[in-house]
Amino acid sequence: RPLPAPSTSSQLDMLRGEWHIEGSGVGAGAVVGTIADGCVVWDETFACDRTHLRLAPDGVGVEMCLGEELHCAVFDAGPPGRLRWSDGECWIRVSGGPRSSWHSGRLEMLSEGARRTLVQSVE
């Protein structure tokens with residue numbers, strides 16, 4: 001299922017979580033990293049800086065630039081969530097996921113100390 005069309009930030013928020021390489025070949029199951037706040041935070045094995053994601057011009061996929069190369073993916077919400085990249089690699093979300101607006105609204109009602117305790121207990 002492609003991403004819905006509300007807004008860019010909420011679409012990128014749908015990618016939040018920890019991602020691994022899917023499949024049975026070389027590298028399968030390897031940790032890719034975490035997607036948060038529209039960025040891939042790569043696992044230390046990649047020795048890469050965080051990489052910004054952006055919504056593709058078609059409004060369905062996402063893109064990232066690695067070096068001089070543009071990589072495109074289509075998101076399948078699953079479960080489990082998958083990112084199918086243009087180079088054939090497929091990432092699978094193993095934990096995390098988007099926070100709903102309902103949860104975000106409830107967090108805003110809590111005091112800062114209570115919010116910090118609650119968020120730490122969930123993460």
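In this predicted model, strand 7, made of residues 69-76, is joined to strand 8, made of residues 82-85, by 4 bridges. The two strands run antiparallel. Within this pair, Val74 has Arg84 of strand 8 standing opposite. Strands of a sheet pair in general through backbone hydrogen bonds, and the pairing may be parallel or antiparallel.

Strands 7 and 8 are part of an open sheet of 9 strands, in which the pairing is antiparallel. The order across the sheet is 4-3-2-1-9-8-7-6-5. At the edges lie strand 4 (51-52) and strand 5 (54-55), each of which pairs on one side only. In this order, strand 8 has strand 9 on one side and strand 7 on the other.

Strand 7 also contains His71. With a relative accessible area of 11%, His71 falls under the 20% limit and is therefore buried. Residues up to four places away in sequence set aside, His71 touches Val62, Glu63, Met64 and Leu66, as well as Trp85, Ser86 and Asp87. Of these contacts, Trp85 belongs to strand 8, the strand joined to strand 7 by the bridges described above.

The count of salt bridges in the model comes to 4. One of them is formed by the side chains of Glu22 and Arg82, with a distance of 2.7 Å from N to O. Glu22 lies in the loop between strand 1 (17-21) and strand 2 (31-36), whereas Arg82 lies in strand 8, so this salt bridge ties together parts that are 60 residues apart in sequence. The two partners fall into separate classes of accessibility: Glu22 is partly exposed, at a relative accessible area of 28%, while Arg82 counts as buried, at 18%.

A further salt bridge links the side chains of Glu63 and Arg54, at 2.9 Å from N to O. Here Glu63 is the buried partner, with 9% relative accessibility, and Arg54 is partly exposed, with 43%. Glu63 is also among the residues that His71 touches, and Arg54 is part of strand 5, one of the edge strands.

The side chains of Arg16 and Asp13 likewise meet in a salt bridge, with 2.9 Å between N and O. Arg16 and Asp13 belong to one network together with Asp37, joined by salt bridges that share partners.

Methods: Residues are numbered from 1 along each chain as its sequence is written. This is a predicted model: local features need pLDDT of at least 70, side-chain atom pairs count only at pLDDT 80 or more; totals for chains, interfaces and linings use all residues. Side-chain values use heavy atoms; hydrogens and water are left out. Two strands pair if DSSP finds at least two bridges between them. Buried means under 20% relative accessible area, exposed over 50%, partly exposed in between (1.4 Å probe, protein chains only). Contact means heavy atoms within 4.5 Å.
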